[in-house]
Amino acid sequence: MCIAYLSLGRPDWPVLIAANRDEFHARPARAAGPWPGRPDVIAGQDLGAGGAWLGWAAGGRFALLTNYREPGLPTPPGAPSRGVLVRDYLLGSASAADYSQAIADRAGDWAGFNLIAGDAQEAWYLGNRDPSGSPRRLSPGCYVLSNHLLDTPWPKSRRLREALDALPPERWAREPDRVFELLHDTTPAPAGDLPATGLSPDREQLLSSPFIVSPDYGTRCSSLIVLRADGAALFSEQSYDASGQPAERHDWRSRAWSASPRCA
């Protein structure tokens, strides 16, 4: 996943998440759905390493992951897949605070990552390239996470934040298609505004829009999570082909945390 918007701590809408996952089209993955043997967990799955990039579990638990862009830096020898960070939180029972701290204690095992894990009551951010080196609890408010540190003001992050800040929370659950429309923003950043992350200018330009389209690498799916204070929840995923056209669409709704999510 390469960009995610989060709104946390609203009284009636404690969690709103909208995200795009960018990946090589050839990398095998399973679309979001209930996991075999764990129907209370809904997430996509990387079929190569078994991890996940974003997911939701009954009880209101959620987690999402982005890679930290650092071209040319070798992966630590024997590094586990970063997707296990999402997988293990969703399958486990540790609080977000305890889980984030446990990962922070061995954060150097992984290549660069950003992890946000939480539930309807709290959310924690951990980036293993964050100079603080420590997880931090996120205060109520809105955040954007791409392939640098949380709230790094890349042009794509500013564009997405501006668009979703203007969408009232009640429309997220009522009109999820509108959220997907805003995520499907292919506008590149002006050349003068591109971040300098070590990529070629052409590659920086390609990756500078919230939604990426190219034959080999691009936005594979857009995801939406809405948690309402009364226990209602929505998880939606729209997948795309290599040309950026819609493919599969799935929606799951849950009326109470005690009930397993079901396909709507």
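# A tour from cavity to core

About 50 Å³ of space lies in the largest cavity, a good place to begin in this predicted model. A search of the whole structure finds one cavity of 30 Å³ or more. To see its walls, select Arg-69, Trp-154, Pro-155, Lys-156, Pro-195, Glu-204, Leu-207 and Ser-208, which line the largest cavity. Colour that lining by class and you get four nonpolar, one polar and three charged residues.

**Next stop: the largest pocket**

Now turn to the largest pocket, which has a volume of about 840 Å³. Its lining has 36 residues, and those closest to the centre of the pocket are Glu-23, Arg-27, Asn-67, Arg-82 and Tyr-217. Select these five to centre your view. Which strand gives the largest share of the lining of the largest pocket? Strand β2 does, with four residues. Show β2 (15-24) together with β6 (61-67), since each of them supplies at least two residues of this lining. By class, the lining of the largest pocket divides into 17 nonpolar, eight polar and 11 charged residues.

**Asp-216, in a loop**

Select Asp-216, in the loop between α6 (201-206) and β11. Is Asp-216 buried or exposed? The answer falls in between: Asp-216 is partly exposed, with a relative accessible area of 39%. Draw a distance from the side chain of Asp-216 to the side chain of Ser-214, and you will find a polar contact at 3.0 Å. Leaving aside neighbours within four places in sequence, Asp-216 is in contact with Glu-23, Phe-24, His-25 and Arg-203. One of these, Glu-23, is also among the residues closest to the centre of the largest pocket. For a sense of scale, add Ala-117: the C-alpha atoms of Asp-216 and Ala-117 are separated by 30 Å, and the two residues are 99 apart along the chain.

**Into the nonpolar cores**

In soluble globular proteins, nonpolar side chains tend to be buried together. Here, the largest nonpolar core has 28 residues, of which Phe-62 and Ile-116 touch the most other members. The elements giving two or more residues to this core are β1 (3-8), β2, β5 (54-57), β6, β8 (123-127), β10 (141-145), β11 (217-227) and β12 (233-240). Apart from this core lies another, of 22 residues, including Trp-35, Ala-52, Ala-96 and Ala-117.

Go back to Ile-116 and show its surroundings. Beyond neighbours within four places in sequence, Ile-116 is in contact with Leu-6, Phe-62, Ala-63, Leu-64, Ala-123, Trp-124, Tyr-125, Leu-138, Leu-145 and Leu-150.

**Helix α1 and its partners**

Select helix α1 (residues 84-91) and pick out its buried residues: Val-84, Leu-85, Val-86, Tyr-89 and Leu-90. What do the buried residues of α1 pack against? Their partners are β4, β5, β6, α2 (96-104) and β7 (113-118).

**Last stop: Gln-45**

One of those partners, β4, leads to the end of the tour. Gln-45 is found in strand β4 (residues 38-46). Gln-45 counts as buried because its relative accessible area is 14%, under the 20% cut-off. Follow the side chain of Gln-45 and you will see it reach the backbone oxygen of Gly-50 at 3.2 Å. Leaving aside neighbours within four places in sequence, the residues in contact with Gln-45 are Ala-29, Arg-30, Trp-35, Gly-50, Gly-51 and Trp-53. Trp-35 may look familiar, as it is among the members of the 22-residue core.

Conventions:
Residues are numbered from 1 along each chain as its sequence is written. This is a predicted model: local features need pLDDT of at least 70, side-chain atom pairs count only at pLDDT 80 or more; totals for chains, interfaces and linings use all residues. Side-chain values use heavy atoms; hydrogens and water are left out. Buried means under 20% relative accessible area, exposed over 50%, partly exposed in between (1.4 Å probe, protein chains only). A polar contact is a pair of N or O atoms within 3.5 Å; within protein, one must be able to donate a hydrogen and the other to accept it, and residues adjacent in sequence count only if both atoms are side-chain atoms. Contact means heavy atoms within 4.5 Å. On a 1 Å grid over the protein atoms alone, a cavity is a set of points where a 1.4 Å probe fits but cannot get out, and a pocket is an open set with protein on both sides within 12 Å along at least five of seven lines; lining residues have an atom within 4 Å of a point. Grid points are joined across faces, edges and corners, and a volume is the space filled by probe spheres set on the points. Ala, Val, Leu, Ile, Met, Phe, Trp, Tyr, Cys and Pro count as nonpolar, Asp, Glu, Lys and Arg as charged, and the others, Gly among them, as polar. A nonpolar core is a set of buried Ala, Val, Leu, Ile, Met, Phe, Trp, Tyr and Cys residues joined through side-chain atoms within 4.5 Å.
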